[in-house]
Amino acid sequence: MIDDAVHSHSYNPALLERLLLRVSRRWIAGYSTADAINAARSSLNFGLCPILNYLGEENTNEEQITTTVREYTTLLDLLSLNKIQGAVSVKPSQIGLSINYDTCLENILKISERSKKNGVFLWIDMESYRYVENTLSLYLDTFGGNNQVGVVIQSYLKRSYSDLMHLVEKRANVRIVKGAYTEEESIAFHSSQEIDRNFSLLMKFIFENAKSEIIAIATHDSNLIEEAITLNGGSKSKHALQFQMLRGIRDELKKTLVLKKYSVWEYIPYGDAWLPYSIRRIRERKRNIILLARSLIQS
Ligand code: FDA
C-alpha cells in the first residue's frame, strides 16, 4: 500500500514525502554525524547502548560509496573519542555490494580495521535475498581479522537454519531478526506463525550450541524476548545476551529490560537516505499505515 501511495500519481509526491518524513522522525536520529552522536548519548542516558547506522542502500555511485565509507570511519573515531560504548551497523549494498563483491570487501575491511582500532563492535546487516550469500562470505572474510564483528540471520528465510549451523561452527557473532524485505514464497516463510516458529528454532539452536561471546536477539516481540530469557538461563555456557530494538519502537519494553539488568541495544539510523528504511517500518504495522493515512487526510 505504501509503495502504491509513493508511486501513485493521485498524490503530490513532495507532499507525500514531507508527510512520510514527519511520521518517520520517531525512528531516525537526524541527518548529520552530530545528530547521530547526540542520539547515541541520549540512548546511553537511558541505559541503552547505541548501534549507529548511516542510512543508505543499493549505492552504485562510486563517490557516494566513498562518502559512506568515510562517514563510518569518522563515526568509529567519534564513538571512541567520546567514550561512547556503542556499535555501528553497515549495509553491504551501501558500500559496494550492488557493484561487485571485491569493492564491497575492500570497503568493509577498511571499516573493520577502524572499528578494531577503536574497539567498537561492527554489525553487518542482512538485506534482501539476492545479497545473502555474498553477505555471509563478506562476514567470514572480515571476521577472520576482527572477532568484534557480527552478522544477521533472518527467521523468514528457509535457508537460515543451515546458515546458522555453519556460522555457529565458525564461532560467529549472530543477530537474529525476523526479516524486513519482501521475498518469494519459494525461499521465505510468509505467515507470522511460521516466521515466529523458525525464530524460536534458531534461538534454541544458538543458545544450545553457540561458542561466540555475543548472542543478539533483535525483536520487539515480547513472546520471543521471554523465550530468549528462558533459553539463556537454561544454556550451559553463559553468553552475553543482547536485546536489540529499533529507535522509537517499544521504548517502555526497553526500559523494563534495562531495569532487569539486561543488555539492551538501540539501533539508531541517521542520514538523508531515510525513505526506504521508513517505508519498511511503516509497512510493518497497520497502526503506522493509519498514522500516515491520517496525516495525508489532514493535509
Ligand atoms: P513484529 O513485526 O512481529 O512486531 C512485534 C511487536 O513489536 C508488534 O506487535 C509491535 O508491538 C511492535 N512493533 C514492531 N514493529 C513496529 C513498528 N514499525 N512500529 C511500532 N511498533 C512495532 N531486518 C533485516 O532484514 N535485516 C537486518 O539486518 C535487520 N536488522 C535489525 C536490527 C535491529 C536492532 C532490529 C530491532 C531489527 C532489525 N531488522 C532487520 C528488522 C526486523 O527484521 C523486523 O523487520 C523488525 O524488527 C520488526 O519485527 P519484530 O521482530 O519486531 O516483530
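**Notebook: the ligand and its surroundings**

I began with the strands, and I noted that β7 gives the most to the shell around the ligand, with 3 residues. I keep in mind that this is a predicted model. Looking further, I found that β4 (149-154), β5 (173-177) and β7 (240-246) each supply at least two residues of that shell.

Next I looked up which residues come nearest to the ligand, and of the 24 residues around it I listed Met 126, Gly 179, Thr 219, His 220 and Glu 284. I also sorted the residues of the shell by character, and they divide into 10 nonpolar, 6 polar and 8 charged.

I then turned to the polar contacts of side chains with the ligand. For His 220, which is among the residues that come nearest, I read a distance of 2.7 Å between a polar side-chain atom and an oxygen atom of the ligand. Gln 154 likewise has a polar side-chain atom 2.9 Å from an oxygen atom of the ligand, while for Arg 175 an N or O atom of the side chain is 3.2 Å from a nitrogen atom of the ligand. I set beside these the area: the ligand taken alone exposes 930 Å², and the protein buries 85% of that.

Finally I asked where the ligand lies with respect to the domains. Domain 1 (1-28 + 274-299) and domain 2 (29-271) both give residues to the shell, so I place the ligand between them. The space that the ligand takes is the largest pocket.

How values were computed. Residues are numbered from 1 along each chain as its sequence is written. This is a predicted model: local features need pLDDT of at least 70, side-chain atom pairs count only at pLDDT 80 or more; totals for chains, interfaces and linings use all residues. Side-chain values use heavy atoms; hydrogens and water are left out. A residue is near a molecule or strand if one of its heavy atoms lies within 4 Å of it. A polar contact is a pair of N or O atoms within 3.5 Å; within protein, one must be able to donate a hydrogen and the other to accept it, and residues adjacent in sequence count only if both atoms are side-chain atoms. Accessible areas come from the Shrake-Rupley method with a 1.4 Å probe; for residues, only the protein chains shown count as cover. On a 1 Å grid over the protein atoms alone, a cavity is a set of points where a 1.4 Å probe fits but cannot get out, and a pocket is an open set with protein on both sides within 12 Å along at least five of seven lines; lining residues have an atom within 4 Å of a point. A molecule sits in a cavity or pocket if more than half of its atoms lie within 2 Å of its grid points. Helices (H or I, at least four residues) and strands (E, at least two) are DSSP runs, numbered from the N terminus. Ala, Val, Leu, Ile, Met, Phe, Trp, Tyr, Cys and Pro count as nonpolar, Asp, Glu, Lys and Arg as charged, and the others, Gly among them, as polar. Domain bounds come from an automatic or database domain assignment.
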